[in-house]
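Here are a few short exercises to work through with the structure open beside you. Try each task before you read its solution.

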Amino acid sequence: MSIQAHTLGRASSGTATLPAAPSGAGILHLGLGSFHRAHQSVYTAAALQSTGGDWGIIGVASRSRAVVDAMHAQDLLYSVATISPDSTSLTIPGVHTDAFVGGEQPERIVAHLADPSIRIVTLTVTENGYSYSAATQRLDLDDLVVQADLRGGAPRSTIGQLARGLQARAAAGAPVSVLSCDNLAANGKHTEKLVREFLDALPHGEGADTLAFLDQSVSFPSSMVDRIVPSTTAQMREQVSALLGVRDEVPVPAEPFTMWAIEDRFAGGRPAWEAGGAVFTNEVGRYEQMKVRLLNGTHSLIAYLGALRGVGTIPEAIGLSEIADAALAVLRGEYEPSIEVPSGVDIRAYESELFARWGNSALGHRTSQVGTDGSVKLRQRIPEPAMLALRNGEMPHLIALTVAGYLSCIAPLPGFDPGVHAAAMTDAARDRLQAVAATARDGHELAERVIAEQQLFGDELAGQDSFITRVGELIDTIRHRSVDAAIADALSASQTIKKEMQP
Ligand code: CS2
């Protein structure tokens with residue numbers, strides 16, 4: 001028996017019940033991955049339960065059929081397993097009204113966007129999905145997919161799909177909001193800028209009317225999203241199905257913690273997401289900085305050092321005292337000074353909670369998952385705090401260690417084997433960086449070519465010779481001595497461990 005509306009009543013467990021179905025779809029969501037299904041969907045379910053309405057979600061997977069097919073076979077239902085070391089509880093959001101694969105039916109995305117009943121488009125397409133060129137700091141006009149989207153035909157890039165959809169909508173003129181839910185600084189502004197650049201780049205001023213429509217009727221609120229959502233494993237699927245009493249092929253595991261801070265600028269209305277605990281605030285930028293640096297930046301350090309120590313999960317990595325010390329030092333000494341804490345947030349409590357969240361041993365969050373796509377993720381996490389320290393005359397030793405760990409995992413120097421967990425990390429820049437590593441004499445040359453010449457972390461860090469030298473030294477220490485020796489070296493140089501907060 002699989003999870004379907006009519007089978008749930010017969011399920012052996014009473015822990016998950018089916019909410020009332022939404023009366024229609026008001027949201028088009030691009031990126032039907034686990035994160036969306038354990039985050040926005042849960043908030044939307046709470047909103048629908050509290051106020052009802054037509055805020056159902058049409059989910060669009062970018063390329064893969066797996067989740068779409070499984071959801072259709074299950075009446076678009078799936079469960080979210082909230083997992084702590086003490087317990088697992090299940091909820092069934094039941095908020096999707098349809099699901100399809102965008103790569104197969106891009107014209108459907110445009111048609112939905114043109115439909116006035118859709119009033120919000122949400123995005124979880126990852127840091128990688130915005131066709132952004134770090135080199136030009138604008139829409140990547142060298143990208144062949146973007147070029148094809150500009151020429152016409154069914155759009156394949158997310159920005160092309162948004163722009164073409166808004167173009168189709170402009171005629172009727174119904175207001176709409178585009179809400180990015182990806183870990184990017186000022187994600188609303190960023191998305192708006194890229195969509196406008198696409199429209200600007202259309203031939204013969206073809207985008208002018210749509211740009212005017214954007215001025216009048218389209219808003220791009222920013223939002224900060226937070227919930228640790230590991231990939232679903234076969235074991236998890238069995239466990240959830242057993243608990244549920246019926247078979248669920250696409251459950252999503254997630255931690256108990258969840259947070260969503262959103263700018264309240266919705267041109268066409270919005271669901272009462274506050275019913276699920278979302279915070280509507282003018283301080284989204286501060287929330288985003290706090291999260292992207294303290295949580296995500298430190299997460300990257302834990303993942304790379306953990307993988308190099310040979311451990312497969314984040315809780316195992318943070319359980320090693322030297323990695324916990326390094327995490328505390330980077331968090332307190334290098335990230336915290338670079339942020340402005342949002343009003344009402346107790347930063348010490350937030351930090352202690354981070355250690356508890358990373359330590360959630362029941363979740364099995366993998367170092368390879370967090371270490372994946374470092375070339376785009378680290379760009380969001382490290383350049384600004386690193387530059388702030390360097391401008392103050394201080395070396396950010398632990399951020400340098402994060403970069404050294406990343407390069408040691410993804411582009412190891414000849415003769416260095418970073419191990420199976422590093423090998424499992426995928427990264428769009430892997431081939432390019434490995435080609436550099438293959439001919440680099442030492443850590444310094446590798447760091448120099450990647451950070452200065454290729455400007456992997458932007459143009460400002462590219463000019464910081466002392467930082468590049470420090471990264472190079474730590475790469476060599478990892479390679480010739482050990483990752484523990486590199487941690488000890490970075491820690492003793494940084495002297496920032498505050499003993500009062502032990503994880
Ligand atoms: C992680 C995030 O994979 C990563 O890089 O740092 O996915 C993290 O788990 C989420 O942002 C938590 O909200």
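**Exercise 1. In this predicted model, find the strands that helix 4 lies across, and place them in their sheet.**

Step 1. Start with helix 4, residues 66-73: this helix lies across strand 2 and strand 5. Its direction makes about 145° with strand 5.

Step 2. Now look at how those two strands are joined. Strand 2, residues 56-61, pairs with strand 5 in the parallel sense, over five bridges. To find your place along the pair, take G59, whose bridge partner in strand 5 is A99.

Step 3. Step back to the whole sheet. The sheet is open and has six strands in the order 5-2-1-6-9-10, with parallel pairing. Strand 5 (96-101) is one of the edge strands and strand 10 (218-219) is the other, each pairing on one side only.

**Exercise 2. Work out which strands of the sheet ordered 4-3-12 lack a neighbour on one side, and why.**

Step 1. Read the order: 4-3-12 describes an open sheet of three strands with mixed pairing.

Step 2. Go to the ends. Strand 4 (88-91) and strand 12 (252-254) are the edges, and each has a single partner strand, so one side of each has no neighbour in the sheet. From one strand to the next, the twist averages 25°.

Step 3. Check one pairing by eye. Strand 3 (residues 80-83) and strand 4 run antiparallel and are joined by four bridges; here I83 stands opposite T88 of strand 4.

Step 4. Add the helix. Helix 10, residues 234-244, packs on this sheet and touches strand 3, strand 4 and strand 12. Its direction is at about 75° to that of strand 4.

**Exercise 3. Describe the shell of residues around the ligand, and say which helix gives the most to it.**

Step 1. Collect the residues around the ligand: N183, D226, R227, I228, K291, N296, H299, H365, Q369, V370, K377 and R381.

Step 2. Sort them by character. The shell divides into two nonpolar, five polar and five charged residues.

Step 3. Assign them to helices. Helix 11 (284-308), helix 15 (367-371) and helix 16 (374-381) each supply at least two shell residues. Helix 11 gives the most, with three.

Step 4. Look at the polar atoms. A side-chain N or O atom of H299 is 2.7 Å from an oxygen atom of the ligand, and one in the side chain of N296 is 2.9 Å from a ligand oxygen. For R227, a backbone N or O atom lies 2.9 Å from an oxygen atom of the ligand.

Step 5. Finish with the cover: of the 340 Å² of accessible area that the ligand has on its own, the protein covers 89%.

Technical notes:
Residues numbered from 1 in each chain as written. Predicted model: local features only at pLDDT ≥ 70, side-chain atom pairs only at ≥ 80, totals over all residues. Heavy atoms only, no water. Pairing = 2+ DSSP bridges. Contact = heavy atoms within 4.5 Å. Axes fitted to C-alpha atoms, helices over the stretch in contact; angles between N-to-C directions. Near = heavy atom within 4 Å. Polar contact = N/O pair within 3.5 Å; in protein donor to acceptor, adjacent residues only side chain to side chain. Areas by Shrake-Rupley, 256 points an atom, 1.4 Å probe, with all protein chains shown as cover. Nonpolar A, V, L, I, M, F, W, Y, C, P; charged D, E, K, R; others polar.
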